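Student: I have a model open and would like to talk through how its parts are described. Could we go step by step?

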Amino acid sequence: HDPIITISHVWKYFGHLPALQDVSLEVSSGERVVIIGPSGSGKSTLLRSINRLEEIDKGEIMVEGQDIMSRENNINLIRRNLGMVFQQFNLFPHKTVLQNLTLAPIKLHKLSREEAEDRALGLLKKVGISDKANVYPAMLSGGQQQRVAIARALAMQPDIMLFDEPTSALDPEMVGEVLDVMVNLAEEGMTMICVTHEMGFARTVADRLIFMDQGQIVEAGKPDTLFTAP
Ligand code: ADP
Ligand code: ADP
């Protein structure tokens, strides 16, 4: 069936150095893609190019049939369907957890406060932190903050979720609680692209594992074909 994301022959330079070299990738609706590779290999740049946090220099990226670089297509509309979770949680520090989740749906989906709060509370329950709705992010552990960040992205009801090393800034004992939320999302059929070093997660969740090196996709396949026994 039709790809939901098509990345075709994409190049991205920082100065004279290519961070992405002729990268092509198609992602189907409902597919779980995990991107691995050494530090500096272009994983984050590729992910950030999909919602135009980085502007590509050459090639084309289509999201749900729309060319993200085209002038006619409003990138803000395209971004509403692309939830993104970063290594740093990036929550609004002066807003409560509930306000973090209701802000965008009220503004962009024109929900009433009550409707937005209903949606938010449902998501907080889903990520296991219903009891923290009225606290500020600084009062939460890293794992809790990252679960709020995932819930906040989901509050916009995106078609696709992008994860950029979501557990890399966490203390080891909190990694599992965030991965559990991601596994649940995957089981619900969410289209996901995840950059991560968590190989257990990659092995169990990925429909396709992409290995990047020096700005290129050097291997791609089902996890069991790439994780061959030594
Ligand atoms: P990864 O996510 O695999 O660690 P990145 O996509 O962050 O890799 O980086 C790919 C390459 O691009 C690296 O050489 C990095 O130093 C460089 N790079 C990334 N962002 C910038 C930037 N804003 N300015 C200059 N160079 C950058
Ligand atoms: P990540 O690998 O997760 O992108 P980094 O620490 O490499 O994390 O990058 C953090 C930020 O610094 C990003 O916004 C990235 O674009 C920028 N950055 C990365 N490498 C460079 C670089 N060589 N020069 C300037 N900015 C960079």
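Student: Which residues of α3 and α4 meet?

Tutor: Happy to help, and keep in mind that this is a predicted model. From α3 come V97, L98, L101, T102, P105 and I106, and they meet R113, A116, E117, R119, A120, L121, L123 and L124 of α4. Sorted by kind, the residues of this contact are 10 nonpolar, 1 polar and 3 charged.

Student: Why are α3 and α4 called oblique to each other?

Tutor: Start with the angle: the axes of α3 (residues 97–108) and α4 (residues 113–126) cross at roughly 125° and come within 9 Å. The range for roughly perpendicular is 65 to 115, and roughly antiparallel needs over 145. An angle of roughly 125° fits neither class, so α3 and α4 are oblique. The crossing of these two helices is right-handed.

Student: What makes α3 and α5 roughly parallel to each other?

Tutor: Here the packing angle is about 25°, with the axes 8 Å apart. Since the cut-off for roughly parallel is under 35 degrees, α3 and α5 are therefore roughly parallel. α3 passes α5 in a crossing that is right-handed.

Student: Which residues make that contact, and of what kinds are they?

Tutor: V97, N100 and L101 of α3 meet V148, A151 and R152 of α5. They divide into 4 nonpolar, 1 polar and 1 charged.

Student: How do you know that α5 and α6 are roughly parallel to each other?

Tutor: By the same kind of reasoning. The axes of α5 (residues 142–154) and α6 (residues 172–187) come within 8 Å and cross at roughly 20°. That angle is set against the limit of under 35 degrees, and α5 and α6 are therefore roughly parallel. Their crossing is right-handed. On the α5 side the contact is made by G142, G143, Q144, Q146, R147, I150 and L154, and on the α6 side by M174, E177, V178, V181, M182 and L185. This set holds 7 nonpolar, 4 polar and 2 charged residues.

Student: Now to the ligand. Which residues are around ligand 1?

Tutor: F14, A19, P38, S39, G40, S41, G42, K43, S44 and T45 are the residues around ligand 1.

Student: What makes the pair between T45 and ligand 1 a polar contact?

Tutor: A polar side-chain atom of T45 lies 2.5 Å from an oxygen atom of ligand 1. The cut-off is a pair of N or O atoms within 3.5 Å, so the T45 pair at 2.5 Å counts as a polar contact.

Student: How far from an oxygen atom of ligand 1 are the polar backbone atoms of G40 and G42?

Tutor: For G40 the distance is 2.7 Å, and for G42 it is 3.0 Å. Set against the limit of 3.5 Å, the G40 pair and the G42 pair count as polar contacts too.

Conventions: Residues are numbered from 1 along each chain as its sequence is written. Chains are lettered from A and ligands numbered from 1 in the order in which they are written. This is a predicted model: local features need pLDDT of at least 70, side-chain atom pairs count only at pLDDT 80 or more; totals for chains, interfaces and linings use all residues. Side-chain values use heavy atoms; hydrogens and water are left out. Axes are lines fitted to C-alpha atoms, for helices over the stretch in contact, and angles run from 0 to 180 degrees between N-to-C directions. Helices (H or I, at least four residues) and strands (E, at least two) are DSSP runs, numbered from the N terminus. A crossing is left-handed if the near helix is turned anticlockwise from the far one by less than a right angle, and right-handed if clockwise. Contact means heavy atoms within 4.5 Å. Ala, Val, Leu, Ile, Met, Phe, Trp, Tyr, Cys and Pro count as nonpolar, Asp, Glu, Lys and Arg as charged, and the others, Gly among them, as polar. A residue is near a molecule or strand if one of its heavy atoms lies within 4 Å of it. A polar contact is a pair of N or O atoms within 3.5 Å; within protein, one must be able to donate a hydrogen and the other to accept it, and residues adjacent in sequence count only if both atoms are side-chain atoms.
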